[in-house]
Amino acid sequence: MKKLLFKMQNKCIIDVNNSINSGQVFLWKKNNSNWYGVNGQDILKITDSGKIKSYKNIRTDFFRKKDNIEEIIKSISKDPITKNAVKQYPGLRIFEQDPFQCLISFIVSSNSNIQKIKSSLEKLSRKFGIKTEFDNQEFFLFPKPENLAKASINEIKSCGTGYRANFIKDAANRVMLKKINLENLKEYSYQETKKEICQISGVGNKVADCIMLFSLNKLESFPLDRWMIRILEKYYSDKFQLETKTITEKQYEILHEKIVEHFGPFAGYAQQFLFKMERENYQKKWL
DNA sequence: CCAAGGCCTGAATG
DNA sequence: ACATTCAGGCCTT
């Protein structure tokens with residue numbers, strides 16, 4: 001009985017390093033064994049003992065305590081590949097981050113890589129975000145929608161975003177004008193939410209799935225980027241046949257349906273474990 | 001509905 | 001050095 005309890009407690013421990021270094025967040029840095037991260041208009045600090053603190057005491061379920069992680073892990077462990085990935089990274093978790101920051105982050109991410117995404121987001125924050133001091137360190141909060149909406153395209157481009165500058169401004173404008181209400185979308189279904197956010201230019205299937213999984217509480221989202229396609233081809237060629245060479249919108253939809261059929265309603269967690277596993281296999285760099 | 005080509009940028013490759 | 005390729009896609013034709 002004692003042993004079982006210990007095991008259960010052990011399973012609940014969050015592996016902060018691996019969770020931050022799994023492609024879901026970008027504005028985090030480690031300092032003196034503490035992690036500090038920009039989350040919208042707040043700064044979060046995760047101590048070496050795994051406790052999380054909000055600089056502004058804004059309520060957030062960043063660690064997704066609402067999830068029954070043991071149930072989820074049981075649910076997604078449908079095949080030897082996933083079981084192995086889960087076993088390799090037992091404390092890997094999906095965070096629930098600020099939706100607007102997440103939206104802009106993944107617009108910036110398209111056709112890019114982690115280092116460049118991080119660099120662009122840091123520059124955007126430095127240029128358009130509020131300077132803040134916390135634990136004797138300087139931070140810049142993530143830009144508010146209105147500040148990106150009123151910025152010029154060239155100002156945004158100066159942050160290294162390239163052609164995505166138009167998308168960023170457009171997205172910020174939509175949020176500012178409440179043409180889209182990200183908080184409300186948390187209560188919407190997967191399909192409804194996807195339809196809404198895909199209206200933003202620069203947001204396609206993959207980017208939408210990232211935004212929904214990492215900030216809008218849609219755990220059936222399963223972002224299909226180059227890596228995940230490669231993983232499916234490598235380990236799941238028997239289960240998920242790719243009909244076309246390029247992943248068209250229709251193909252993406254069909255594939256997602258098959259994926260949810262296989263992994264279940266928490267498929268997004270499976271994606272996170274598989275992505276982490278394969279990127280580590282190839283020793284890809286994180287933050 | 002699918003295929004092909006273009007797009008900012010910067011690090012990696014030859 | 002300098003040119004080319006490539007990277008967590010998306011949009012237009």
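Me: Which residues come nearest to DNA strand C?
Reply: Gly 23, Ile 114, Tyr 163, Lys 206 and Arg 279 come nearest, out of 22 residues around DNA strand C. A residue is near a strand or molecule if one of its heavy atoms lies within 4 Å of it. Bear in mind that this is a predicted model, where local features need pLDDT of at least 70 and side-chain atom pairs count only at pLDDT 80 or more, while totals for chains, interfaces and linings use all residues. Residues are numbered from 1 along each chain as its sequence is written, chains are lettered from A and ligands numbered from 1 in the order in which they are written, and side-chain values use heavy atoms, with hydrogens and water left out.

Me: Which atoms of strand C does the protein meet, sugar or phosphate, or bases?
Reply: Of the atoms of DNA strand C within 4 Å of the protein, 57% belong to sugar or phosphate, and the rest belong to bases.

Me: What polar contacts are there with strand C?
Reply: A polar contact here is a pair of N or O atoms within 3.5 Å; within protein, one must be able to donate a hydrogen and the other to accept it, and residues adjacent in sequence count only if both atoms are side-chain atoms. Tyr 163 has a polar side-chain atom 2.8 Å from a base nitrogen of DNA strand C. Backbone atoms take part too: an N or O atom of Gly 202 lies 3.0 Å from a phosphate oxygen, and a polar backbone atom of Gly 204 is 2.9 Å from a phosphate oxygen.

Me: And which elements give two or more residues to that surface?
Reply: Those are α5 (99-109), α12 (205-215), α13 (226-235) and α15 (267-281). Helix α12 gives the most, with three residues. Helices (H or I, at least four residues) and strands (E, at least two) are DSSP runs, numbered from the N terminus.

Me: How do the residues near strand C divide by class?
Reply: Eight are nonpolar, ten polar and four charged. Ala, Val, Leu, Ile, Met, Phe, Trp, Tyr, Cys and Pro count as nonpolar, Asp, Glu, Lys and Arg as charged, and the others, Gly among them, as polar.

Me: OK, on to DNA strand B. Which residues are around it?
Reply: Asn 111, Lys 116, Gly 162, Tyr 163, Arg 164, Thr 244, Thr 246, Thr 248 and Lys 250. By class, one is nonpolar, five are polar and three are charged.

Me: What do Asn 111, Lys 116 and Thr 248 contact there?
Reply: A side-chain N or O atom of Asn 111 is 3.2 Å from a base nitrogen of DNA strand B. For Lys 116, a side-chain N or O atom is 2.8 Å from a base oxygen. Thr 248 has a polar side-chain atom 3.0 Å from a phosphate oxygen.

Me: Switching topic: what's the strand order in the open sheet?
Reply: The four strands run β1-β2-β3-β4, with antiparallel pairing. Two strands pair if DSSP finds at least two bridges between them. β1 (28-31) and β4 (52-54) are at the edges with a single partner strand each, so one side of each has no neighbour in the sheet.

Me: How many bridges does β3 make with β2 and with β4?
Reply: Strand β2 (residues 34-39) pairs with β3 over five bridges, and Trp 35 stands opposite Ile 46 in β3. Strand β3 (residues 42-46) and β4 pair over three bridges, with Ser 54 in β4 as the bridge partner of Leu 44.

Me: Is β3 buried or exposed?
Reply: Five of the five residues of β3 are buried, so the strand is largely enclosed by the rest of the structure. Buried means under 20% relative accessible area, exposed over 50%, and partly exposed in between (1.4 Å probe, protein chains only). Asp 42, Leu 44 and Ile 46 point one way, while Ile 43 and Lys 45 point the other way.

Me: What about the turns, which residues have a positive phi?
Reply: In the β2 and β3 hairpin, with two residues between the strands, Gly 40 has a positive phi of about 65 degrees. In the hairpin of β3 and β4, with five residues between the strands, Gly 50 takes a positive phi near 90 degrees.

Me: Which residue that isn't a glycine has a positive phi of about 65 degrees?
Reply: That's Ser 33, in the loop between β1 and β2. Ser 33 counts as partly exposed, at 38% relative accessibility.
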